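Hi everyone, thanks for coming. I have one structure to walk you through today, so let's put it up on the screen.

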Amino acid sequence: MSGRSVEVEVEVEVEGRSAVEVVLVKGGRTKIRYPADVVADDGSRLTVRAPWAADGVRDFGFVRFEPGDVFVEHYWRDRWFAVKEVRSSDGTLKGWYCDITRPAVVDGCEVVVEDLDLDLWVSADGSEVLRLDEDEFAASGLAAADPAAAARAVTALDELEHLGREGLVRLLGGRTAVSRG
């Protein structure tokens, strides 16, 4: 199956707005904030679209994020993760970068997401599912400071890894181009 899709412009309002600002918090500090267009909101999951927000290229070895890339980001108000579909400027699916987070808080025009250091990468064809940053998570001190949150984070990573191996279509409700199996 091709990694390309047809872009459909959808304008949805969240609390009266068709755009929001995503605020990523890590270790109690704002790591990055960027504008995003609202694609959908069902009251539980908010989906937004935004260009790569950081300066320059970020090369992880298994994927490169670069200017022109477009992220369709799925944030849940009741789940401990966020899933970001990553496409190149020509629409080719690169894969999904998944952050383990506390449930998203939507407040007016802001979507605040607290990153808990654990991540998962799923390649576009689903052949590569990588658990990331477990060392950062261990060093973060969350297990000692908030054992319940640390346990929820590990459970969320396990759940996402399973979904990544089975295909993310179930989780995203068919809103992705590639599924396995």
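Let me start with a question for the room: is Tyr97 buried or exposed? Keep in mind as you look that this is a predicted model. The answer is that Tyr97 is buried, because its relative accessible area is 9%, and the cut-off for buried is under 20%. We'll come back to Tyr97 in a moment, once we have the overall picture.

So, the overall picture. The protein has 181 residues, and 45% of them are buried. DSSP gives us four helices and 11 strands. If you take the contacts with a separation of 6 or more, 49% of them are between residues 24 or more positions apart. As for the outside, the accessible surface is about 9,000 Å², and carbon and sulfur atoms account for 49% of that.

Now, back to the rings. There are 11 aromatic pairs in the structure. Take Trp76 and Phe81: their ring centres are 5.2 Å apart with the planes at 70°, so this pair counts as edge-to-face. Trp76 and Phe81 are both buried.

Tyr97 has an aromatic partner as well, namely Trp121. Here the distance is 6.5 Å centre to centre and the angle between the planes is 50°, which makes the pair tilted. What I like about this one is where the two residues sit. Tyr97 belongs to strand E8 and Trp121 to strand E10, so the pair ties together parts that lie 24 residues apart in sequence. Trp121 is buried too, with a relative accessible area of 1%.

And the pair has company: ring pairs join Tyr97 and Trp121 with Trp52, Phe60, Phe62, Phe65 and Phe71 into a cluster.

Last stop, the pocket. How much space lies in the largest pocket? About 510 Å³. Its lining has 23 residues, and the closest to the centre are Leu24, Lys31, Trp52, Arg58 and Phe60. You'll recognise Trp52 and Phe60 from the ring cluster.

Five strands each give two or more residues to that lining: E1 (19-26), E2 (29-41), E6 (70-76), E8 (93-101) and E10 (110-123). Strand E2 provides the largest share, with three residues. And what is the chemistry of the lining, by residue class? We count 13 nonpolar residues and 10 charged ones, with no polar residues.

That's my tour. Happy to rotate the model and take questions!

How values were computed
Residues numbered from 1 in each chain as written. Predicted model: local features only at pLDDT ≥ 70, side-chain atom pairs only at ≥ 80, totals over all residues. Heavy atoms only, no water. Buried < 20%, exposed > 50% of the residue type's maximum accessible area, 1.4 Å probe, protein only. Contact = heavy atoms within 4.5 Å. Areas by Shrake-Rupley, 256 points an atom, 1.4 Å probe, with all protein chains shown as cover. 1 Å grid on protein atoms, 1.4 Å probe; cavity = no way out; pocket = protein on both sides within 12 Å on 5 of 7 lines; lining within 4 Å. Points joined across faces, edges and corners; volume = space filled by probe spheres on them. Nonpolar A, V, L, I, M, F, W, Y, C, P; charged D, E, K, R; others polar. Phe/Tyr/Trp six-rings, centres within 6.5 Å; stacked < 30°, edge-to-face > 60°.
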